[in-house]
Amino acid sequence: MIKLIIDKKTVEVEKGTTILQAAKNIGIHIPTLCYMNLGDLNIENKPGGCRVCVVEVDGRRNLAPACATDCAEGMVVHTHSIRVLNARKTVVQLILSDHPFDCLICAKSGNCELQDLAHKLGIREIPYQGEQSTYREDTSPAIIRDVDKCIMCRRCEVMCNEVQTVGVLSAINRGFQSVVAPAFEMNLDHSVCTYCGQCVNVCPTGALTEVDHTNQLINDLADPGKTVIVQTAPAVRAALGEEFGMEPGTLVTGKMAAALRELGFDYVFDTDFAADLTIMEEGTELLDRLSKHLNGDTNVHLPILTSCCPAWVKFFEHQFPEMKDIPSTARSPQQMFGAIAKTYFADKINVDRKKLVVVSIMPCVAKKYECSRDEFKVDGNPDVDYSISTRELANLIKQANIDFLGLEDADFDNPMGESTGASVIFGTTGGVIEAAVRTAYEVHTQKELPKVDFEELRGMEGIRSATIDFDGLPISIGIAHGLGNARKLLEDIKAGKSQYHAIEIMACPGGCIGGGGQPYIHGDTSILKARQKAIYQEDAQKTIRKSHENKYVQKLYEEFLGKPMSEKAHHLLHTHYFDRKKEVFID
Amino acid sequence: MAKITSLNDLRKIKDELQQKIRLRENADSPEAMVQIRVGMATSGIASGAKEVFIFLVDELEKRNVDAVVTQTGDMGYSYAEPTIEVILPGKDPVVFGWVDVEKADEIIEKYIRGGELVEGIIPANYNTIDD
Amino acid sequence: MANYKYHLLVCGGTGCKASESDRIVNMLNNEIRENGLSSDAKVVTTGCFGFCEKGPIVKVLPDNTFYTRVTPEDSKEIVMEHLVKGRRVERLLYVDPETKKHITDSKHMGFYQKQIRIALRNCGFIDPENIDEAISRDAYIALGNVLAGMTPEETCNVVKESGLRGRGGGGFPTGLKWEITRKSQADQKYVVCNADEGDPGAFMDRSILEGDPHAVLEAMAICGWAIGATKGLIYIRAEYPLAIKRLKIAIDQAMEYGLLGKDIFGSGFDFEIELRYGAGAFVCGEETALIHSMEGSRGEPTFKPPFPSVEGYLGKPTNVNNVETFANIPVIFNKGAKWFASIGTERSKGTKVFALAGKINNVGLIEVPMGTTLREVIFEIGGGIKDGKAFKAVQTGGPSGGCLTQKHLDTPIEYDTLIEAGSMMGSGGMIVMDEDDCMVSVAKYYLDFTVEESCGKCSPCRIGNKRLHEMLETITKGEGTMETLDKLKTLSHVIKDTSLCGLGQTAPNPVLSTMDNFWEEYLEHVEGHKCRAGSCKSLMQYIIIPENCVGCTACARNCPVNCISGERKQLHVIDQTVCIKCGTCMEKCKFNAIEIV
């Protein structure tokens, strides 16, 4: 143990503790900016670059960054001496002097950590004004880079390179011109970016934001010639409440449905319905491949990999195109929903697909990209017209003067609003595979599950595995969340080291609850845990908890699709993947 | 080239090499070899040392002067590049600065062949580690 | 063909010329002619002897007689006594300041010790592409001795005892660095040579690598033995193609001889060296940035600790020294730590190589013992200021250093004294400025460099230095106020206090030191809108002197912006609001009627 004095208080910490942490232990919160610690996910960024957390250490010539300086025995630290306060203020003033002054109209206003810091430090003037560094804006189907607002905290770099191992974002240029950008300054949509949006999640300013579709949505809702329907992903209901000051982990399913109806959607549906449908297709595909494998078919590809996550799909298309036959061909729930909505449902209400607008509310920004993919369009008309994030929805509700907290719970519409507990857990890491197991087990064994909760598949570990006993047949399951972890599993499969039958992969740490379109957590990973808990809670509350027992899904097969993996199902609910290795090009 | 496998090997090689050099430097006979070093670090080359080097090699051969011309590193006199050092047998080395082809010609004719010093000498103004 | 008995070398350096050395040449020639010695003696003008203080100098060959403070009137005596009678002119001989004895043979004169070449010992002597020439001058003997009879600990101790400090600028004790790396436990360690020389005007590392690559290779191997590393890496900027070529040849030859590679000298010690190329980023001279660059990452520094000695290249203990530091190592072992420590001062041992540049006569590389004064370097070795102008300042330490003035000229050059004087040793760039240099512009020039070379990682350096530069720009444009000066100073201190690495922490030094030493120039710029050096264009005015103007219209006809008006034979006037200060009018005026104010 090491003893030191911070602001005249003695504190004892373990060796290797930073001054920042030691101070926090005794209630001294040194302001930070570039520093990021996603504790539960084991993600830390401490480049010591912004210099906001500098403190005075007796005997040192220069001020020390609290985030990157380890405590030493006998250290005497001052966190708010006049020297420190002046320096800290000056540093923030410098950062502001190279930052656009458009706070009032910035997408990040209210959620901006730089704005917050300037406010906290009582900055009322910027004495050092001068040239501002400028860089062209880069718009992609999902993410906008407004690099003028980049403060070089490098958090996005950590997410993109170390956590996701996608390797798109890194610092380029030198000095005043340095920015974070894709290699060779290419545009994001020419790069291997997966649009997972983890960079957006951690960006302290408005340098990285999602493409905003709310204005388009407002216009469509106001258009009497259009029927506008909405689907909401499972993870949204576990996080939306945060935007209205509710405790993290508060489920707002009913309020959300009510708000959507008030916003003017003609039908309020649930992506969960499509998630149940996904299980029917994906589960059947799993059993099909499994039985072929058990019958000695050596051409069959195992393990089967889930394909619900669009960032993950784009990741393997770029990084592992030679393995594009392994993932399930099942479309994601968003796209299954769109395909059914614009055929089965459009027929039912007798609306032309071109006049039917399908909107999805997603915890995700990659979903914006997914619905723009050509294979999910019919004659140029997309199955899902556009996707808005949890954050955009919250904003829309606020714009519409809806008293969210005061709303009475409402139900989803039918037929595509009915869902089971299995579909709800799609929102967290491990959920898709647990849902698949619930169905596959019963279909395969023709027996009822003694217990639907598979605790062994749950958790927050980056890579998890479990073996499920299918009535004497041991099925080996792997789970990875975060693309870096996915990469490890894929490398294993490639090397022939993987013994799994099925693997679930989600691009975002925590799964969709930690998606790139969710309310900002500002480094508080306990929020992710609370959301996860809420998801399992909703599952437990449901009377039906297995996808194949969803009455409306059953009806859909009866009336329209026939059976899982039928020709029609294949046409509408399955997809194929592309080799994107050579697709990256430099402008 | 044989590997040097011990310190004694290295010492022996060094002594042999030094012996050769000493023989050359202390020789009194006029036919003994003239040594010329051309400062050919980046700054020398940038000021034209390569042309001078080629000129010296070609001309000394044409004019039947038994000489060895080698390249060497920076002599430190950037203000006077290109610089060359001429060692006539039995004499102290002389460094000439501002050596272009014309100057090199004068050095061959007057100093190397006639022992007559010409303008452009840069006096050595430092001690070596052996002083 | 003439076969001269005597050569009289007359110093033609600037200092001696100013003391009529030209007349000495003439008079010597006259005397020689009159005495009928024309075929026996020849007078030759030489470059600077580096002894301007005692000039003019006349040296007589072949006996190496060295006459100082010679006047033209002494010519007769020199010819009559020395050439005719063969007797030296005692009163003109150099008197050793310590022994008070006349010294005849210049080889043994004290002043010659103003320079001693340790790091540069082989530069200009050997063919760098021929290992035999290096070996003939003791290359690899030190390595052989170390491997034959010293433990790593003893090896470190020799370097410690020598008192050698890092020549890259920081001046960290080299032996201590080795010791720390030696004590770090790891399965693999690395020796890194920092050849990312980046200070403007400095080129000593390049010269050493181009002139004596084996010195560095040998030293790295010794270091490898001392710290327990079998791998060495040289980080060199790709802009040094010749140095790279010669290093490659040297490595190949050393490998071929077995002086590098496996089982060196049969000792069982293996050591290999590889080259790594940098793209010439100044910040990569910072050791953590250098290591990141070698690892293939963006060359930007990280916070220390951990120091590379504990956690460096690929996370392994790594000893980083610069080229000049390494070049000293073999000599320390060959001549002994005591010998090395006897050179220099109490706190700074050995010598330092400087690249003299700027308004100085003898631009070039010099190597002087620590403790030599700036005056000796500039006025004696450097031959004084160009064109007889007045000395104004000398900048040491590159963009991290500061400008020292007249009052610092007698400061001995040491790590600590230079810092006390407001500058630093740096890697050895020494840029001399004269009365024509505007000190605000000088500060701006260095800031321009650091702004360009900042890696952009930390905000004070990335943005703060840019703002400093902008403020200096404002001042040189005559738009600065006292508030600008205030802010300039305050911000400089914050940048020093908060920047991540040495680059940012020292970048404001040129501003602070010029503000300290040339405050009145800053004041003149902001209060009087005047630049005394006449180098800030915005602050100059071309005006027509009424008494001299004859109304020839030459200026008006040639003005590119038509800002001069006036009838023929009438006084002309320059419209200052339009004038672009190109100076054409002044050039064209035949009547000296245009002046700059």
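What follows is a set of questions and replies about a predicted model with chains A, B and C.

Residues are numbered from 1 along each chain as its sequence is written, and chains are lettered from A in the order in which they are written. Because the model is predicted, local features need pLDDT of at least 70 and side-chain atom pairs count only at pLDDT 80 or more, while totals for chains, interfaces and linings use all residues.

Me: What makes the radius of gyration of chain A agree with that of a compact globule?

Reply: The radius of gyration is taken over C-alpha atoms, and the globule rule is 2.2 Å times the number of residues to the power 0.38. For 587 residues the rule gives a value near 25 Å, and chain A has 25 Å, so the two agree. The C-alpha atoms of chain A fill a box of roughly 75 × 55 × 50 Å along the principal axes. Buried residues (20 or more other C-beta atoms within 10 Å of their own, C-beta atoms being placed from the backbone) make up 54% of chain A.

Me: What is counted in the secondary structure of chain A?

Reply: Chain A has 18 helices and 22 strands. Helices (H or I, at least four residues) and strands (E, at least two) are DSSP runs, numbered from the N terminus.

Me: Why is C:Thr151 called exposed?

Reply: A residue is exposed if 12 or fewer other C-beta atoms lie within 10 Å of its own, and partly exposed if its count falls between that and the buried cut-off. C:Thr151 has 11 such neighbours, so it counts as exposed. C:Thr151 lies in the loop between helix 5 (141-149) and helix 6 (152-162) of chain C. Its C-alpha atom is separated by 48 Å from that of C:Lys407, 256 residues apart along the chain.

Me: Why is strand 11 of chain C said to be largely enclosed?

Reply: Five of the five residues of strand 11 (residues 318-322) of chain C are buried, so the rest of the structure largely encloses this strand. In a regular strand the side chains alternate between the two faces of the sheet. C:Thr318, C:Val320 and C:Asn322 point one way, C:Asn319 and C:Asn321 the other way, and all are buried.

Me: How do you know that strand 8 and strand 11 of chain C pair?

Reply: Two strands pair if DSSP finds at least two bridges between them. Strand 8 (residues 190-195) and strand 11 of chain C have five bridges, in the parallel sense, so by the definition they pair. One of the bridges sets C:Val191 against C:Asn319.

Me: Why are helix 9 and helix 12 of chain C called what they are called, parallel or perpendicular?

Reply: Axes are lines fitted to C-alpha atoms, for helices over the stretch in contact, and angles run from 0 to 180 degrees between N-to-C directions. Angles under 35 degrees count as roughly parallel, over 145 as roughly antiparallel, 65 to 115 as roughly perpendicular and the rest as oblique. The axes of helix 9 (residues 213-227) and helix 12 (residues 323-335) of chain C come within 8 Å and cross at roughly 75°, so the two helices are roughly perpendicular. Among the residues that make the contact are C:Met220 of helix 9 and C:Phe326 of helix 12. By class, the contact has 11 nonpolar, no polar and one charged residues. Ala, Val, Leu, Ile, Met, Phe, Trp, Tyr, Cys and Pro count as nonpolar, Asp, Glu, Lys and Arg as charged, and the others, Gly among them, as polar.

Me: What makes strand 2 and strand 4 of chain B edge strands?

Reply: Four strands of chain B form an open sheet in the order 2-1-3-4, with mixed pairing. Strand 2 (67-72) and strand 4 (94-96) each have a single partner strand, so one side of each is left without a neighbour in the sheet. Within the sheet, strand 1 (residues 34-39) and strand 3 (residues 84-87) of chain B run antiparallel and are joined by four bridges.

Me: Which chains are in contact, and how do you know that chain A and chain B are not?

Reply: Two residues are in contact if their C-beta atoms, placed from the backbone, lie within 7 Å. No contact joins chain A and chain B, whose closest C-alpha atoms lie 28 Å apart. Of the two pairs of chains in contact, chains B and C share the most contacts. There, 42 residues of chain B meet 57 residues of chain C, and helix 1 of chain B gives the most to the side of chain B, with seven residues. The contact of chain C with chain A takes 26 residues from chain C and 30 residues from chain A.
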